[in-house]
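Biologist: I would like to learn how to read a structure feature by feature. Where do we begin?

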Amino acid sequence: MTETSHRTSVPLYARILIGVGLGLGALLGVGWYYADGLVHVRPVRRPVFPTFVRGQRKDRDGSTHVTLTLTPTTLRPGVMRLEWDVPDGHGGRKVVYGELGPILSQTKSGVTRAVRFLDAPLRLGQSVRASTIGLGNPTVRGLPHLDVTVSGEHGPLPSWLIPGKMAGKTPTLADAAGTDWIIVTHGYGGLRQDALRILPTFHRLGLTSLTITYRNAEGAPRTPEKVHRLSAEEWKDLEQAVEYALEHGARRVLLFGFSMGGAITLAFLRYSHMAPLVTAALLDSPALEWRSLITHHAYRYKVPLPDLLSRFVAWLTVIKSKQDFDAVDHLSVMDTFHTPMLMFHGSIDKTVPVAQVETFAHARPDIVEYHRIEGAQHVRTWNIDPEAYEAAVEGFIHRVLNDAPDRHEPPTAQLKENQNA
């Protein structure tokens, strides 16, 4: 006798519901992960890839070329910084620095670049640490500085202060009084070291530079929620820095922001009662609107249903951290800004698409001087042609300072007047 087995069939509607449930569960899981990743505060971890000197040669014109092993860092376009350890002459070790120019040639085993400067000779096989953003502190760029703190809403904010003029060999706060100040704000997941490329230019121009941190940044105090607000609240720390500058005798104040630091700068100009006291703003690779950035990265990383998922991530971020995306949509209010601006952006920026900045720049040619840097990656516009970048910065600053009147009353008096307005 043959026994026939009967399979229990699952109704079609039940299978549809199960599929929908699994799909929604997967969407929730992925959205939850990315919503956490967007604003949750994490320590800054910049990978340092093992890099070695594979060769050196001197050309007839006296220039030196160095060949380094292939790594994601050494393959980046533009100027690159190096640091390595050498004996200090007392039985210990000290860190020295160098700078190499753009890639001249590339093989399967290495990349060759011209030496711009070296603090000490390199040797074959030398292990070095490479970066296209920043290494060390202002002292390694020949800039004596003060480690100061700005009083933030959530605690003291570690900052570097480099007086524009120095009366002696050791900088003091008194040296900064009566000079024009520029306040530098790093980006999301950034460090103060990111400013080291441009700080010598500010010093050469006689500006006092104050390079700040802000809430939840590396080395700065954490907020109770431990989430980034994408400039919606961080601008208040920049406001404290502006007040610090005015209280210490700043004649005029300029602002400089990298990436989200640019967004923080715009949020300050948008919301602070002290915005009229700022003479000009300089923005490098600024993030201007975050909903479209989420969508951009959904497409960039080829996640499923990118448009749906990006909207879902934005919605979850609002639910989880109460993020206000309207407050950080600076494109929607670009007609309201009056401060002169200098903007740099890289044509191959994958973090903040160049189109976002060009929307602003092309809509406001009355206040924006815009430089599109071909071949530049995110916050690496200086690296492509440092001399041209610095010349643009110098020309803009000279122009805005020449156009801006000196203060004829103490800054503190203007501060109180604006607070009472």
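Modeller: With burial. This is a predicted model. Of the 421 residues of its chain, 52% count as buried.

Biologist: How many helices and strands does the chain have?

Modeller: The chain has 11 helices and 14 strands. Contacts add to the picture. Take those with a separation of 6 or more: residues 24 or more positions apart account for 73% of them.

Biologist: What should I check in a helix such as α5, and what span should its 12 residues have?

Modeller: Start with length. At 1.5 Å a residue, α5 (residues 260-271) should span 16 Å. Its end C-alpha atoms are 16 Å apart, so the two values agree.

Biologist: Is α5 mostly covered or mostly open?

Modeller: Mostly covered, with 10 of its 12 residues buried. Among them are M260, I264, L266, F268 and L269. The cover over the buried residues of α5 includes strands β9, β11, β12 and β13. Helices α4 and α6 also contribute to that cover.

Biologist: Then take α6. Where does R291 sit, and is it buried or exposed?

Modeller: R291 lies in α6 (residues 290-300). Its relative accessible area is 34%, so R291 is partly exposed. Leaving out residues up to four places away in sequence, R291 touches F325 and D326. From R291 to V313 the C-alpha distance is 9.3 Å, across 22 residues in sequence.

Biologist: How do I tell which way the residues of a helix point?

Modeller: An α-helix has 3.6 residues a turn, so residues three or four places apart point the same way. Now look at α10, residues 386-403. Its 18 residues reach 26 Å from first C-alpha to last, close to the 26 Å expected.

Biologist: Which residues of α10 are buried?

Modeller: P386, Y389, E390, A392, V393, F396, I397, V400 and L401. Down the axis of α10 these buried residues fall within an arc of 155°, so they line one face of the helix. On the other side of α10, N402 and D403 are exposed.

Biologist: And pockets? What is the idea?

Modeller: Rolling a probe the size of a water molecule over the atoms shows where empty space is left. Here the second largest pocket holds about 170 Å³ of space.

Biologist: Which residues line the second largest pocket?

Modeller: Its lining includes I397, H398, L401 and N402. K165, D180 and R251 also belong to the lining, as do G178, T179, L205, G206 and L207. By type, the lining divides into 4 nonpolar, 5 polar and 3 charged residues.

Biologist: So where does α10 meet this pocket?

Modeller: At I397 and L401, among others. Both of those are buried residues of α10. N402 is in the lining too, yet N402 is exposed.

Conventions
Residues numbered from 1 in each chain as written. Predicted model: local features only at pLDDT ≥ 70, side-chain atom pairs only at ≥ 80, totals over all residues. Heavy atoms only, no water. Helix = DSSP H or I, 4+ residues; strand = E, 2+ residues; numbered from the N terminus. Expected span 1.5 Å × (residues − 1). Buried < 20%, exposed > 50% of the residue type's maximum accessible area, 1.4 Å probe, protein only. Arc of directions from axis to C-beta. 1 Å grid on protein atoms, 1.4 Å probe; cavity = no way out; pocket = protein on both sides within 12 Å on 5 of 7 lines; lining within 4 Å. Points joined across faces, edges and corners; volume = space filled by probe spheres on them. Nonpolar A, V, L, I, M, F, W, Y, C, P; charged D, E, K, R; others polar. Contact = heavy atoms within 4.5 Å.
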